[in-house]
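Could you walk me through this protein, step by step, as if I were meeting it for the first time? I have the sequence and the 3D view open, and I would like to know where to look.

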Amino acid sequence: MPWGYTPSWFDTMNGQILSEVFPGFWDRFNNPIGQETIRTVLYWYLRSNAHGSGAGVDGGLILTQAALERLTYYLGHRGKSAAERVRKALTVMQINTGIRRNCQKLRALARKNGWQDGPYALTEIRNDLIHPKQKYGNTLSGSYYEGWNLGQWYVELMLMHLFSHNGRYGNRITQTWEGEVVSVPWA
């Protein structure tokens, strides 16, 4: 497979970030408590982020939602709706649940449909893909990429938090050039 750009938290111009994240990853990956969750979430994350060789944006959005839900159960957030569990987990981790300014289609749909934040928007789009009632007609298809990208950002940040990373990373939502990194929200 030829090399190509894959959006992620890892900025190739700042390779040292990988060595900063790795120890926390390795600890969680080798801890029997939650080990299966970390492996499963990473598998779904990588499959959903693999572009043409992966699940595609719509399938990727479904896998991303599954990864987020699996993480919320691992973190002890049960009951209520998927959006509420994801929102609670993100809030506890000090990760902004608002729909980022760069997600213009998603923001417009949120205003139009009364969606309160990113977790709610992501869940509504995923549900519209999965369930045949098509609550929103064909109006959401243009938002799949932004929903998928926002969900991937949530997964990345949640994993970095679990891996105790308190440094910098490439923000896939706001990054405009290679080498641009920002601090994690909780640092």
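Let us begin with a term that we will need along the way: a polar contact is a pair of N or O atoms within 3.5 Å, and within protein one of the two must be able to donate a hydrogen and the other to accept it. Please also keep in mind that what you see is a predicted model.

A good place to try out that term is E156, a residue of helix α7. Is E156 buried or exposed? Its relative accessible area is 3%, and because anything under 20% counts as buried, E156 is buried. The side chain of this residue reaches the backbone nitrogen of W9 at 3.4 Å. A polar contact of 2.4 Å also joins the side chain of E156 to that of R172. If you set aside the neighbours within four places in sequence, the residues in contact with E156 are P7, S8, W9, Y45 and R172.

Now follow that link over to R172. You will find R172 in the loop between β1 (168–169) and β2 (182–183). R172 is buried as well, with a relative accessible area of 7%. Which side chain does R172 meet in a polar contact of 3.1 Å? The partner is N49, again through its side chain. Beyond four places in sequence, R172 touches P7, S8, Y45, N49, W148, N149, Q152, W153 and E156.

Y45 and W148 lead us on to a pair of helices. In general, two packed helices are described by the angle between their axes and the distance between the axes. Here, helix α2 (residues 35–48) packs with helix α7 (residues 144–162) at an angle of about 150°, and their axes lie 11 Å apart. The crossing of α2 past α7 is left-handed. On the α2 side, I38, V41, L42, Y45 and S48 make the contact, and on the α7 side W148, Q152, V155, E156, L159 and L162 do. What kinds of residues are these? Eight are nonpolar, two are polar and one is charged.

From here we can step into the largest nonpolar core, which has 46 residues. The members that touch the most other members are I95, L106, W115, W153, V155, M158 and L159. At least two residues of this core come from each of α1 (16–29), α2, α3 (56–74), α4 (82–92), α5 (104–113), α6 (118–130) and α7. Which helix gives the most to this core? That is α7, with 11 residues. Take a look at W153 while you are here: leaving out residues up to four places away in sequence, W153 touches I95, N96, R100, Y169, N171, R172 and I173.

Next, turn to A83, which sits in helix α4. A83 is buried, with a relative accessible area of 3%. Apart from neighbours within four places in sequence, A83 is in contact with P119, Y120 and T123. A83 and E69 are 14 residues apart along the chain, and their C-alpha atoms are separated by 8.8 Å.

Some residues have a share of their surface open. V57, in helix α3, is partly exposed, with a relative accessible area of 30%. Leaving aside neighbours within four places in sequence, V57 is in contact with Y144, Y145 and W148. F22, in helix α1, is partly exposed too, at a relative accessible area of 41%. How far is the C-alpha atom of F22 from that of R101? The two are separated by 30 Å, with these positions 79 residues apart along the chain counted as their spacing.

Our last stop is in the loops. Q94 lies in the loop between α4 and α5, and S164 is found in the loop between α7 and β1. Q94 has a positive phi of about 65° although it is not a glycine. S164, also not a glycine, has a positive phi of about 60°. Are these two buried or exposed? Q94 is exposed, with a relative accessible area of 51%, and S164 counts as exposed at 57% relative accessibility.

Terms used
Residues are numbered from 1 along each chain as its sequence is written. This is a predicted model: local features need pLDDT of at least 70, side-chain atom pairs count only at pLDDT 80 or more; totals for chains, interfaces and linings use all residues. Side-chain values use heavy atoms; hydrogens and water are left out. Axes are lines fitted to C-alpha atoms, for helices over the stretch in contact, and angles run from 0 to 180 degrees between N-to-C directions. Helices (H or I, at least four residues) and strands (E, at least two) are DSSP runs, numbered from the N terminus. A crossing is left-handed if the near helix is turned anticlockwise from the far one by less than a right angle, and right-handed if clockwise. Contact means heavy atoms within 4.5 Å. Ala, Val, Leu, Ile, Met, Phe, Trp, Tyr, Cys and Pro count as nonpolar, Asp, Glu, Lys and Arg as charged, and the others, Gly among them, as polar. Buried means under 20% relative accessible area, exposed over 50%, partly exposed in between (1.4 Å probe, protein chains only). A nonpolar core is a set of buried Ala, Val, Leu, Ile, Met, Phe, Trp, Tyr and Cys residues joined through side-chain atoms within 4.5 Å.
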